[in-house]
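Biologist: Before we discuss this protein, I would like each label you use to be justified by its value and its cut-off. Could you put the model up and take me through the reasoning?

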Amino acid sequence: MKLGQVMKELTGLDAPPSLLEYSAAFEEWRQANERTASFDRMPKDAALIYDLPQEAMKPIAELYPVIAADERLSLLGSFWHYMIFYEPPGTGGNASAWPLPDLELGNRASIWPLAVLVSGSERASEAYNKLGVSTKIAMETLAFGGLYTRDYYKRYGRWGLSELGWLRHHVHARIFRLGRLVFNPVIFHWPFLTVRNRATGAMVTLCDGDVRYRGDGLPDGTNNRREPDAWRPILQRSDSLLAGHPVTPEGIVQQEPIELDPKEWEEVLAKGDPVVDVHIPSGSKLSEAECEEAYEQAYTFFAHYFPSVPFRAFICKSWIMDPALARILPPESKLVKFQRRFDPLPVIGDERQTYDLVFEQPDIDLSTFTPVTSLQRAIIDYVKRGNLMRSSAGFTLWPQTNLHMLQPSIMPLPAALQFDAVHEDAYVAFWLQTSLKRVFPKSAPEGGSQLSLTTARNARISFQACLKNNRPLSLQVECEAEAPNGIGVQVRRVGWVPQAYLSEDVPLEELDGSAYIPGFVPDPLYPDRHAKISAFTNQAFWITVQIPERVKPGQYRITVSFSSPSFTETMNLSADIEVKSVIIGKRRSFPVTHWWNADCIYDWYGQRPFGDESFEWIAKYLKNMVDHGCDTIYVPLFNIRSPEIMERPPQLLIVTEEPGKYSFDWERVRKFVDLAKELGFERFEWTHLWSYGSSGGRMSTPTRIYTERNGSMELLFPEDLDGGGEIYRHFLSVLLPEFKRFLLEEGILEQSFFHVSDEPKEIENYKKSRDLLKELAPWMKVVDAIYKNTSAAIGLMDAIIPDARSANAFVEKRIPHWVYYCVIPRGRYINRLFDTPLIKVRMQGLVFYRLRTLGFLHWGYNYWYRYCEGQQLVDPYTDGAAGQKKLPYGDAFVVYPGEDGPVDSIRWEIFAEGLQDYALLQTLGVDPDDERLGAIHNYSDFPRSEDWLHHVLQSVMQ
């Protein structure tokens with residue numbers, strides 16, 4: 001028997017050509033699967049799988065032997081079974097419109113689609129099993145078979161099914177019910193292009209020429225009305241121009257085109273992109289909370305089960321998307337709230353779906369209908385005024401939709417537990433993430449399997465390779481990175497350190513990790529490619545890429561791979577780096593200094609102060625500072641922390657006292673200076689000469705100077721010696737000429753900065769000491785940090801260093817200045833604490849450049865002691881607040897003590913990249929008043945946007 005002939009005999013209609021074209025494929029399948037679609041028995045679990053009512057199962061069961069006994073019905077039933085369960089949804093046309101065998105079955109023909117649906121129930125269930133979807137989601141999704149069956153009975157008073165075409169998505173596991181909503185992965189096919197401003201985040205949707213539009217801005221054919229002079233939009237795209245007709249917030253297309261600069265806008269949604277279609281099943285009211293929960297489930301679900309698909313948006317076409325609903329319903333309406341999530345897309349639609357779902361009659365005459373609900377009344381009143389309802393569409397971007405970010409890759413990894421069953425739904429997620437977002441132990445992924453970055457030459461750039469162990473067992477992994485020849489790449493494991501409290505006096509939006517603190521925060525970067533990841537926990541690896549200046553401009557790929565004894569294969573991710581032609585030069589005329597503590601180093605490693613071994617380890621830390629952009633080194637001629645009394649003072653200069661006479665041994669100082677020069681330091685900062693912490697904060701005593709007496713180091717002067725008295729004056733009169741002679745011999749006098757006292761509070765007292773220094777050493781260029789009475793100190797120093805809060809006034813008055821921060825200021829000001837957003841740390845390079853800052857100082861490079869309690873070491877890996885509850889975490893240090901030298905922190909790496917940004921702008925000769933930097937106003941008012949930063953850097957490198 002020929003299939004076409006059988007179809008005409010049973011239905012009285014010619015078979016649609018779109019259906020018959022699959023007859024050859026069907027015959028081949030039928031010969032290989034003779035009993036697959038047999039109707040001589042009904043699958044036993046069909047009612048459970050589809051949630052079919054038992055009352056409907058009886059007529060289905062009665063129809064099965066009728067089909068089995070008739071060769072023609074069996075052939076047609078097998079063909080329908082093949083098309084529904086073996087060919088993709090949509091092939092052969094809409095199955096709901098296929099002709100039924102009513103010539104043979106009469107009224108029982110309405111059961112026919114149900115009989116076919118039941119015939120493949122086992123295959124439908126298996127489709128979800130193969131995908132690994134939970135039984136709960138599979139059953140809730142396939143239960144639409146029962147829902148549509150009940151709807152049919154409610155409308156027509158008999159059992160049947162009119163939604164078989166739509167259910168093809170369900171039986172192929174192409175659609176999923178997740179809570180209140182239903183989600184269907186599809187390809188975006190509407191003729192729109194959405195772009196987003198890189199700096200502001202504003203979005204614009206433009207139309208292309210696939211559809212004509214009427215004078216009212218709606219697609220020609222909307223509500224079955226066409227206009228002979230409908231116009232066609234034009235979309236122009238080039239490297240220098242993006243022009244087209246925008247969609248207005250009201251959901252219509254504007255006839256006047258607009259022009260955009262492609263350099264300022266990035267594409268976020270275009271025809272052909274993968275998206276997720278949202279459907280609203282009938283049932284309970286559309287609760288906002290339930291919808292939000294459903295979206296959250298969808299993010300996780302599709303990342304897990306469709307890891308290689310870079311979804312760009314949720315879309316929805318529905319009567320609920322009709323813009324008229326927002327005009328006729330109150331703002332608190334659940335329908336309006338649902339619609340408000342989406343940006344409008346004007347697509348062809350009419351009122352039939354609205355009438356069908358609101359009035360249960362698609363062709364109803366509203367003039368004769370008596371409304372029962374407030375929605376029905378609102379629609380009837382609106383239509384009576386001459387308006388039309390229409391289904392429409394909208395989109396809302398997928399979280400983190402960005403040219404640089406996709407979705408995580410998922411590796412199913414079942415976990416067999418000792419005290420429980422095997423967790424089949426366990427998995428590991430992998431993603432790449434920029435360096436400006438911390439990965440906390442429980443934070444959500446903010447990246448995908450690919451990442452795109454742009455940089456200059458002679459630069460370093462970093463990103464993170466991350467994984468989430470979504471399993472109830474720990475996991476051993478190794479992370480490796482491979483770069484093309486000539487490009488360096490380093491992999492380090494991101495470690496966790498505890499933080500007991502958030503920084504105070506900081507707005508919540510200016511804190512990073514507030515949802516996870518108290519808790520563990522990411523900071524140290526261990527030189528280790530291996531990690532043991534606890535159950536249900538994240539782990540990040542820090543990837544640093546070094547781009548030498550000799551590398552040719554172009555695209556380069558960094559391949560990151562994860563391996564584990566638990567994996568059957570290696571997981572590979574890729575970061576594509578576009579290297580621009582510009583070569584970053586050395587930063588000029590912007591000194592950066594960090595006060596380091598030699599005693600923390602030699603105490604931590606158990607070494608003799610400034611012995612040969614100590615110098616070897618000090619060299620490692622000094623090199624680390626140079627590598628991170630420091631060009632100025634604090635030379636501990638005397639003790640850097642003048643208020644404290646120490647047994648092992650970090651004092652390079654050996655001072656010997658004889659009655660009325662002082663002598664100095666400069667050998668260790670010279671050795672240190674030569675080492676610093678060799679490592680790359682260009683400027684030298686010298687010890688404060690007066691104490692800043694004694695006698696109520698006044699500079700009434702000299703800085704702490706030590707000499708050796710009886711085999712131990714003791715103070716040269718009494719603690720309360722008058723810093724302006726004759727004894728100290730005499731000491732300085734002997735020291736300073738020798739000091740100058742040493743600086744001249746080393747050739748570093750002009751490259752040196754000198755201090756009177758740190759953070760002076762009594763300006764008159766400071767002035768006395770400054771005047772004494774001018775008398776004895778007029779050649780000294782004095783710079784000092786100050787946070788009180790800053791205006792009164794102007795002119796007393798060759799360069800003033802106000803804290804970032806006080807410095808805002810200097811910016812406003814255009815007074816030249818350095819800047820510093822430490823424990824203060826916090827709030828919206830620049831800083832780099834454990835909970836400072838990394839974008840604020842990275843932005844500092846641009847902030848310094850824009851504000852013409854003269855230099856930067858920070859006190860805490862490696863302070864690993866209890867704060868101001870002498871030389872009592874703390875473990876920085878467990879105590880980030882220097883043994884004090886009043887200090888913010890991360891203020892005292894940016895490096896940790898490692899087995900082989902310094903262990904960098906994330907904050908230190910990002911700060912260095914910010915200084916690199918400064919050097920880039922300086923290399924290119926960018927004017928600090930360039931309009932691209934205009935959003936930077938002072939040390940607290942500047943952009944916190946990663947997109948803004950990348951846009952500026954890319955624009956200057958063009």
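Modeller: Of the 958 residues of the protein, 58% count as buried, and please keep in mind that this is a predicted model. The C-alpha atoms fill a box of roughly 125 × 65 × 55 Å along the principal axes, and the protein has 28 helices and 39 strands. Among contacts between residues at least 6 apart in sequence, 73% join residues at least 24 apart.

Biologist: Which residues have the most contacts inside the largest nonpolar core?

Modeller: They are W596, W686, F731 and Y939, in a core of 154 residues. The largest share of this core, nine residues, comes from helix α27 (residues 906-923). A second, separate core has 99 residues, including L10, C291, I364 and I379.

Biologist: Why is F731 called buried?

Modeller: The cut-off for buried is under 20% relative accessible area, and F731 has 0%, so F731 is buried. F664 has 13% relative accessibility, which is also under the cut-off, and therefore F664 counts as buried.

Biologist: What makes F664 and F731 an edge-to-face pair?

Modeller: Two values are needed, since a pair of aromatic rings is described by the distance of the centres and the angle of the planes. The centres of F664 and F731 are 5.8 Å apart, within the 6.5 Å allowed, so the rings pair; the planes are at 75°, over 60, and therefore the pair is edge-to-face. The pair links distant parts of the chain, with F664 in strand β29 (residues 661-665) and F731 in helix α21 (residues 726-746), 67 residues apart.

Biologist: Why, then, is the pair of Y299 and F314 called tilted?

Modeller: By this rule the count comes to 81 aromatic pairs. In the pair of Y299 and F314 the centres are 5.6 Å apart and the angle between the planes is 40°, which is neither under 30 nor over 60 degrees, so the pair is tilted. Y299 lies in helix α13 (residues 288-305) and F314 in strand β10 (residues 313-318), 15 residues apart, and both Y299 and F314 are buried.

Biologist: How do you know that the span of α21 agrees with what is expected for a helix?

Modeller: At 1.5 Å a residue, the 21 residues of α21 should span 30 Å, and its end C-alpha atoms are 30 Å apart, so the two values agree. The buried residues of α21 are Y728, F731, L732, L735, L736, F739, F742, L743 and E746. An α-helix has 3.6 residues a turn, so residues three or four places apart point the same way. What covers the buried residues of α21 includes β29, α20 (667-679) and α22 (763-776), and just after this helix G747 takes a positive phi of about 70°.

Biologist: What makes α28 a mostly covered helix?

Modeller: In α28, 10 of its 12 residues are buried, among them E946, W948, L949 and H951. The cover of these buried residues includes β16 (427-434), β17 (450-457), β25 (571-583) and α27. Helix α28 (residues 946-957) reaches 17 Å from its first C-alpha to its last, close to the 16 Å expected. At its start, a side-chain oxygen of S945 reaches to within 3.0 Å of the backbone nitrogen of W948.

Biologist: How do you know that C822 is in no disulfide?

Modeller: The sulfur atoms must lie within 2.5 Å, and the closest cysteine sulfur to that of C822, in C868, is 11 Å away, so a bond is ruled out by distance. C822 has a relative accessible area of 10%, under 20%, and so is buried. A search of the whole structure finds zero disulfides. C466 is likewise in no disulfide, the nearest cysteine sulfur, that of C479, being 9.2 Å away.

Biologist: Why is Q5 called partly exposed, and S119 buried?

Modeller: Q5, in helix α1 (residues 3-11), has a relative accessible area of 49%, which is neither under 20% nor over 50%, so Q5 is partly exposed. S119, in helix α8 (residues 112-119), has 12%, under 20%, and therefore is buried. Leaving aside neighbours within four places in sequence, S119 is in contact with F39, P43, Y64, H81 and F85.

Key. Residues are numbered from 1 along each chain as its sequence is written. This is a predicted model: local features need pLDDT of at least 70, side-chain atom pairs count only at pLDDT 80 or more; totals for chains, interfaces and linings use all residues. Side-chain values use heavy atoms; hydrogens and water are left out. A nonpolar core is a set of buried Ala, Val, Leu, Ile, Met, Phe, Trp, Tyr and Cys residues joined through side-chain atoms within 4.5 Å. Buried means under 20% relative accessible area, exposed over 50%, partly exposed in between (1.4 Å probe, protein chains only). Helices (H or I, at least four residues) and strands (E, at least two) are DSSP runs, numbered from the N terminus. The expected span of a helix is 1.5 Å times one less than its number of residues. Contact means heavy atoms within 4.5 Å. A polar contact is a pair of N or O atoms within 3.5 Å; within protein, one must be able to donate a hydrogen and the other to accept it, and residues adjacent in sequence count only if both atoms are side-chain atoms. Rings of Phe, Tyr and Trp (its six-membered ring) pair if their centres lie within 6.5 Å; planes under 30 degrees apart count as stacked, over 60 as edge-to-face and the rest as tilted.
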